[in-house]
Amino acid sequence: MTTFATTASIRFGYGRRPGEAPPESVDALIRQVERGVGETCLFPFEGIAGRRARFPAYREVQQAYNKARDANTLVTVGEQIVNPYNIVMANAFRRDQHLKVRQAVFSPNGFFERLAAFWCDHFAIDARKGGAMRILAGLHEAEAIRPNLAGPFSGLLKAAVLHPAMLTYLDQTRSVGPNSPIGLKSGRGLNENLARELIELHTMGAGSGYSQKDVRSAAYVLTGLWFRAPAYETAFRARSAEPGIYRVLGKTYGGRARQIEQVYDLLDGLAEREETRRHICRKLAVHFIADDPPQPVVNAMVKAWMRNDGRLVHVYRAMLEHPLSFEQLGRKARQPFDFVVAALRALNVPAEALGPGEGAKKAGVRPIVDSAALSDVAMMTADGKPALGANPLSVGIIDRLGQPIWSAPSPAGWEEKLSAWITASQLTERIAWARRLVAHFGEAHDPRILLEATMADAARADTIETVSRAPSRAVGLAMVLASPEFNRR
């Protein structure tokens with residue numbers, strides 16, 4: 001059995017980094033969570049307040065493009081029409097994505113960063129929906145998820161679900177009570193997307209005893225949720241809320257006079273259900289421990305939830321304190337983001353190597369709009385593309401390995417099963433990237449020392465022997481990153 005420090009670093013963190021002491025106790029892991037909640041993350045690249053202050057400038061670019069389109073005066077490069085709004089959004093999104101990787105690589109709070117990734121996946125969104133989603137995605141994690149992931153689940157649920165990013169992704173702003181003043185005037189009606197995912201994914205879980213009638217009733221209660229661009233602050237518009245009282249899973253919500261507190265009541269009611277705590281606790285155990293996690297661990301987490309009114313830090317502690325949580329290392333795959341971050345940490349890749357791609361440094365790059373406020377994202381290449389690309393050693397390879405940041409394939413998030421990520425094609429791509437990474441940053445490393453530093457007592461005897469017999473430093477280093485131990489946790 002591996003030591004606590006080794007398992008804690010690999011199973012509950014992003015692996016070891018030279019010069020960084022591994023956690024030696026449950027208390028040390030919990031302190032990572034407590035520190036992480038109180039710290040400001042690197043993204044959005046302008047900061048939370050800075051991003052919000054620039055929303056009007058982003059909106060002005062969109063309005064200018066729409067005006068030019070209507071006047072048939074669009075910018076072109078050759079025969080290609082250039083959309084300045086898309087270019088500005090794409091560049092801003094790329095900056096945020098690269099800072100997300102850098103945050104995970106250099107943070108000393110590995111367990112907190114892993115929890116942030118888990119909850120981003122639980123409350124999955126997809127920035128590829130386009131438009132403002134690209135400047136809301138990083139903000140969703142930074143201001144809704146990270147500050148709330150140690151407190152009561154009900155608080156995290158409200159922050160994540162009611163954020164403009166989620167309302168946009170699940171089309172909640174299109175949902176109008178058919179009998180509301182706006183519904184009667186416009187003929188618009190109900191959209192059940194948010195209600196369905198709220199019950200099926202975010203709280204109770206699929207097949208947990210709710211009905212389609214519960215989903216529809218919840219959708220009626222959620223009508224009225226809205227935000228006005230470019231402020232992107234959630235509000236309640238009573239004129240689009242369906243009047244009446246609705247029964248969801250045996251409880252009544254709503255009223256003749258509708259208000260946002262009724263939405264809060266619905267979310268609180270779902271958060272406190274037994275099905276919810278069992279679903280969330282098992283999902284956490286699946287993510288961190290095994291695809292089929294030990295039931296005693298899940299039971300201990302559920303009990304901690306009940307004793308502490310859903311305060312998540314106590315749920316995490318219950319998971320960490322159970323001895324079964326530290327058995328049989330390697331039962332989970334390191335997903336692409338995990339794998340890339342762990343490798344960048346292992347080779348101690350410097351921060352300056354993790355920025356956006358080199359497009360901005362090429363000849364012919366020029367501003368796409370005359371905006372001093374957006375000068376750091378308003379650049380296009382000579383052929384009319386966004387100037388900031390994906391760094392092939394960080395964001396680019398994560399994209400290529402099939403897990404683009406803040407771009408889940410569905411509201412259900414990413415596949416958890418080991419078999420989804422440990423495949424022949426996946427490992428081929430990982431090995432090829434490991435060779436490129438080693439070529440850039442492996443010169444100062446000895447393969448045997450790297451194996452000991454990154455895997456410690458988790459390294460298998462056959463891996464130690466194979467690495468020791470490598471024909472060259474580069475091959476040996478690539479073998480470490482391609483080893484079964486390094487690709488699992």
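Helix H6 (133-145) has a kink of about 35 degrees, centred on leucine 139; the bend at a residue is the angle between axes fitted to the seven residues ending there and the seven starting there. Helices here are DSSP runs (H or I, at least four residues), numbered from the N terminus. The model is a predicted one, where local features need pLDDT of at least 70 and side-chain atom pairs count only at pLDDT 80 or more, while totals for chains, interfaces and linings use all residues. Residues are numbered from 1 along each chain as its sequence is written, and side-chain values use heavy atoms, with hydrogens and water left out.

So how hidden is H6? Because 12 of its 13 residues are buried (under 20% relative accessible area, with a 1.4 Å probe and protein chains only), H6 is largely enclosed by the rest of the structure. Leucine 139, where the kink is centred, is one of those buried residues, and so are Arg134, His140 and Glu141. The neighbours they pack against are H3, H4 (84-106), H5, H7 (153-161) and H8 (164-169), with contact meaning heavy atoms within 4.5 Å.

Next come the empty spaces. The largest pocket holds about 400 Å³ of space, and of its 16 lining residues, Ala132, Thr168, Thr173, Phe227 and Tyr232 are the closest to its centre. On a 1 Å grid over the protein atoms alone, a pocket is an open set of points with protein on both sides within 12 Å along at least five of seven lines, a cavity is a set where a 1.4 Å probe fits but cannot get out, and lining residues have an atom within 4 Å of a point. Points are joined across faces, edges and corners, and a volume is the space filled by probe spheres set on them. H6 turns up again here: H3 (48-70) and H6 each give at least two residues to the pocket lining.

There are also 3 cavities of 30 Å³ or more, and the largest has about 350 Å³ of space. Its lining has 26 residues, with Ala117, Cys120, Asp121, Gln403 and Trp414 nearest the centre. H5 (110-122), H6 and H16 (336-346) each supply at least two of the lining residues, and H5 gives the most, with 5.

Away from H6, threonine 2 sits in the segment before H1 (4-11) and counts as buried because its relative accessibility is 18%. Its side chain makes a polar contact of 2.6 Å with that of threonine 7 (N or O atoms within 3.5 Å; within protein, one must be able to donate a hydrogen and the other to accept it, and residues adjacent in sequence count only if both atoms are side-chain atoms).

Key
Buried < 20%, exposed > 50% of the residue type's maximum accessible area, 1.4 Å probe, protein only.
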